[in-house]
Amino acid sequence: MNKKVAFYTLGCKLNFSETSTIARNFKNEGFSRVDFSENADIYVINTCSVTENADKRFKTIVKQAQKTNPDAFVVAVGCYAQLKPQELADVNGVDLVLGATEKFKITDYINDLSKNDFGQVYSCDIEEADFYVGSYSTGDRTRAFLKVQDGCDYKCTYCTIPLARGISRSDTMQNVIKNAKEISEQNIKEIVLTGVNIGDYGKGEFGNKKHEHSFLDLVTELDKVEGIERLRISSIEPNLLKNETISLVSKSRAFVPHFHVPLQSGSNDILKKMKRRYMRELYVDRVKKIKEVMPDACIGVDVIVGFPGETDEHFLETYEFLNELDISYLHVFTYSERDNTEAAKMNDIVPKKIRSKRSKMLRGLSVKKRRAFYESQIGNSRTVLFESENKEGYIHGFTENYVKVKAPWNPELVNTVHEVELTEIDVDGLVRFEFKKELAS
């Protein structure tokens, strides 16, 4: 009998790429994949532990699965499943919890699919997560997330990722190129490189700390893969974003002028408390270098507010630092305490109301920054890759430098690339355009 499986992914692009790989394993075992809202025999939830909110959402998603099919077998995998397996196993309706190494062998743990009285846990010590499993996602017709690296050797005081994913390790160059070619053969126009700390690429490529390749080698080789229209670097630490990489992107055939560079704080005092591996001066240098060789590049920034010890002065330092920087948008995270991190034991806790207020201020700044960046692009010619969703009668797309555009819905535009001229910003903040060439009728 044809068994059905459904997936729900919380968190980052890396999780999405891994869900796709797990889904392909199910397909090889004869399962057919259905949407999470549909009736399935197995529901797999890929969890995240970066924020408190992701923890809370897990219970809601389990309830949703049970409502659709009370007899379904529910499996939890991912970061939260590695960090707090018993906590997830105790959630009503959960049958199986798999840790960091077990999740890729999920079909080995599924026997008769009968509901358990309590959740079973199979989870290794994170020290055992020292091998690499390559992944990529192809659920979206327009772009694929290609995992090139996993784990992290950094010891940032607020972060649980090393505890959830283990040491830094990389895919082999050969396998990354093979996966990129497989993606390009599926008529997917854009590949987003993803990992936990992708600038660290090369480490652990052979199951040890020996480096044969660097991140620069990786992007150089990927740029040569035919059939890929666009390559995008998802997020890269400022201390690992080298001049050579910036230079390569500026002259590249396929890499787009869009960088996402985590900052976390504009105060050197707080950066030290976070145990980040750079000071704000290096960050300024990276932004200047990008803008020097790619004036129209889009630069996104991660920032955390309300870290222990962040005074009003520290926060204003961050606000003013970001306000003056030539960046395009912010991803704002409100600090939340994570068990087994150094920061959770720190004094001078910032009250949640103040964290929330600071978050609101930076989100407002992000809107202002994005608007200014979009305004700077009006009148420019750009290429747009169109998405596949009909959103209230409109089709959306992104330029190579990450300006979001809209046009009346036209299914023929889906997953196509067109040259356009950006003309005006609409009331919803998205950009209107005119085609440079007439569309074929």
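Visitor: In this predicted model, how many bridges join strand β16 to strand β19?
Guide: Strand β16 covers residues 381-386 and strand β19 covers residues 417-425. The two run antiparallel. L385 has its bridge partner in β19, and that partner is V417. The bridges that join β16 to β19 number 5.

Visitor: Which residue of β20 does E424 stand opposite?
Guide: Strand β20 spans residues 431-435. β19 and β20 run antiparallel, joined by 5 bridges. Opposite E424 in β20 stands R432.

Visitor: Which residue takes a positive phi in the hairpin of β19 and β20?
Guide: This hairpin has 5 residues between the strands. One of its residues has phi near 90°. That residue is G429.

Visitor: Is E392 buried or exposed?
Guide: Place E392 first: the loop between β16 and β17 (394-399). E392 has a positive phi of about 50°, although it is not a glycine. Its relative accessibility is 80%. The cut-off for exposed is over 50%, so E392 at 80% counts as exposed.

Visitor: And N415, buried or exposed?
Guide: N415 lies in the loop between β18 (404-408) and β19. N415 is a residue other than glycine, with a positive phi near 60°. Its relative accessible area is 6%. Buried means under 20%, so N415 at 6% is buried.

Visitor: Now the open sheet. Which are its edge strands?
Guide: 4 strands form this sheet, in the order β7-β8-β11-β12. The pairing is mixed. An edge strand here pairs on one side only. The edge strands are β7 (136-137) and β12 (230-233).

Visitor: What is the bridge partner of A144 in β11?
Guide: Strands of a sheet pair through backbone hydrogen bonds, either parallel or antiparallel. Strand β8 (residues 143-147) and strand β11 (residues 190-194) take the parallel sense, over 5 bridges. For A144, the bridge partner in β11 is I191.

Visitor: At what angle does helix α7 run to β8?
Guide: Helix α7 is made of residues 173-184. The helix lies across β7, β8 and β11. To β8, α7 runs at about 165°.

Visitor: How far apart are the axes of α7 and α8?
Guide: Two packed helices are described by the angle between their axes and the distance between the axes. Helix α8 holds residues 215-222, and α7 packs with α8 at an angle of about 35°. The crossing is right-handed. The axes of α7 and α8 are 11 Å apart.

Visitor: How many residues of the contact of α7 with α8 are nonpolar?
Guide: From α7 come M173, V176, I177 and A180. They meet D217, L218, E221 and L222 in α8. These residues include no polar ones and 2 charged ones. The nonpolar residues number 6.

Visitor: Why does the pair of Y158 and F307 tie together distant parts of the sequence, and how many residues apart are they?
Guide: The aromatic pair of Y158 and F307 is edge-to-face, 6.3 Å centre to centre, with 85° between the planes. Y158 lies in the loop between β9 (149-150) and α6 (161-165), and F307 in the loop between β14 (298-305) and α12 (312-324). So the pair ties together parts whose separation in sequence is 149 residues.

Visitor: What is the relative accessible area of F307?
Guide: Its partner Y158 counts as buried, at 13% relative accessibility. F307 is buried too. The relative accessible area of F307 is 0%.

Visitor: What is the angle between the planes of F315 and Y319?
Guide: F315 and Y319 both lie in helix α12, 4 residues apart, about one turn of the helix. F315 counts as buried at 3% relative accessibility. The rings form a tilted pair, 6.4 Å centre to centre. The angle between their planes is 55°.

Visitor: Leaving aside neighbours within four places in sequence, which residues is M361 in contact with?
Guide: M361 has its place in helix α13 (residues 352-377). At 34% relative accessibility, M361 counts as partly exposed. With those neighbours set aside, M361 is in contact with F315 and Y319.

Conventions: Residues are numbered from 1 along each chain as its sequence is written. This is a predicted model: local features need pLDDT of at least 70, side-chain atom pairs count only at pLDDT 80 or more; totals for chains, interfaces and linings use all residues. Side-chain values use heavy atoms; hydrogens and water are left out. Two strands pair if DSSP finds at least two bridges between them. Contact means heavy atoms within 4.5 Å. Axes are lines fitted to C-alpha atoms, for helices over the stretch in contact, and angles run from 0 to 180 degrees between N-to-C directions. A crossing is left-handed if the near helix is turned anticlockwise from the far one by less than a right angle, and right-handed if clockwise. Ala, Val, Leu, Ile, Met, Phe, Trp, Tyr, Cys and Pro count as nonpolar, Asp, Glu, Lys and Arg as charged, and the others, Gly among them, as polar. Rings of Phe, Tyr and Trp (its six-membered ring) pair if their centres lie within 6.5 Å; planes under 30 degrees apart count as stacked, over 60 as edge-to-face and the rest as tilted. Buried means under 20% relative accessible area, exposed over 50%, partly exposed in between (1.4 Å probe, protein chains only).
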